[in-house]
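Hi everyone, thanks for making the time. I'd like to walk you through the pockets in this one, so let's put it up on the screen.

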Amino acid sequence: MDEIEIPAHFLCPISLQLMRDPVTVCTGITYDRENIERWLFSCKNNTCPVTKQCLLDHGLTPNHTLRRLIQSWCTLNASLGVERIPTPKSPIDKTQIVKLLTEAKRFPEKQLKCLTRLRSVAFEGQRNKTCLESAGVIEFLATTMKNNNTQEDSTVLSEAAIEVLFHLNLSEARLKTLINNEEFHFIESLFHVLRLGNYQSRVYATMLLRSAFEVADPIQLISVKTTLFVEIMRVLCDQISHQASKAALKLIVELFPWGRNRIKGVEGGTVSVLIELLLGTSERRTCELILIALDQLCGCAEGRAELLNHGAGVAIVSKKILRVSHVASERGVRILASICRYSANARVLHEMLQVGAVSKLCLVLQVNCGFKTKERAKEKWELDLRV
């Protein structure tokens, strides 16, 4: 192919490669469908790449004449190793999607087949995802999940729906609409999948919950239940995927500062799970997120008590100081400072001496740490001396 001279008008102006599915935009310029759809829908551009004119209409008209010329040229050069480009399928349009949804609503037994088709369409590209959104698919998926919230024995429809929903890459505005519309019970639907779904569905639920709570109102953040923290910890314990674990940690860090969520987290077993995870990881960002969460939990008496009740709590926090990052060291010192300030007794301070926490704090005072970190370390160290 490198030695064959390809006619210039067969090349896509964006990629400079042979066009497989030429389409024309409203400015009259022809592009390969895959490239122009990526330009418009994935990269969120609103201009013609060649003319720089604003595209008021994102409609793409198939250039059948050029496609046939390209196919004929491929056939003529087949002896030189050029493969004939197949005739592309017609892209799906909004009318077809609406018809599919209408049929699924009328005949519930066809819902799984409909969800399978929607998944296939969504995976074909950003243009199709935009088409699905405009046809009302997001609302259909949210309703499907809500209608199956009471199904304790089967989550097949909810699992299929959440997969499509996740891959639609919902915008903040869309997410906010879903969680604020009481008709959908969206948070409850995600929790249902988190609790009963298969491993992959629980990954989707965790990541969607994290995104949803990022745009949630304070009342929604305050109103979470202890059982949510129980299920998030189960995701961390099961170690379904690195992506899910990161999302779970970021989610609890987002939730802990609100209302009684720290106490709910302690009741949900978060402290012991986080300590066990910290014992088994050396990855920088994971350690930082765990220490941030433990620091938040140590802001309440229940959290400090749980950390002290764990045989390795103080030891592993101390060990991570000066071994991971500046953020981890700062949080580790904050945790030890909280314990010394509010939960110190002879037994606790003796344990700190035994596991090397005091000597680690002395080291913090000598190295190039932040001013606040050194001040907390000094305060804790002086308290140890007094006791």
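The lining of the second largest pocket breaks down by class into eight nonpolar, six polar and three charged residues. Keep in mind, please, that we are looking at a predicted model. This second largest pocket has a volume of about 500 Å³, and 17 residues line it. If you want to find its centre, look for Ile 187, Glu 188, Ser 223, Val 224 and Lys 225, which are the lining residues nearest to it.

Which helices supply at least two residues each to that lining? There are helix H8 (172-180), helix H9 (186-196), helix H11 (218-222) and helix H12 (226-238). The largest share comes from H9, with four residues.

Now let's move over to the largest pocket. The space in the largest pocket comes to about 630 Å³. Its lining is made up of 23 residues, and closest to the centre you'll find Asp 21, Arg 33, Glu 37, Lys 89 and Glu 124. Two or more lining residues come from helix H1 (33-42), and the same goes for helix H5 (126-134). H1 gives the largest share here, five residues.

And what about the classes in the lining of the largest pocket? Here we have 11 charged residues, along with seven polar and five nonpolar ones. Put that beside the second largest pocket, where the lining has three charged and eight nonpolar residues.

That's my tour of the two pockets, and I'm happy to go back to either of them.

Terms used: Residues numbered from 1 in each chain as written. Predicted model: local features only at pLDDT ≥ 70, side-chain atom pairs only at ≥ 80, totals over all residues. Heavy atoms only, no water. 1 Å grid on protein atoms, 1.4 Å probe; cavity = no way out; pocket = protein on both sides within 12 Å on 5 of 7 lines; lining within 4 Å. Points joined across faces, edges and corners; volume = space filled by probe spheres on them. Nonpolar A, V, L, I, M, F, W, Y, C, P; charged D, E, K, R; others polar.
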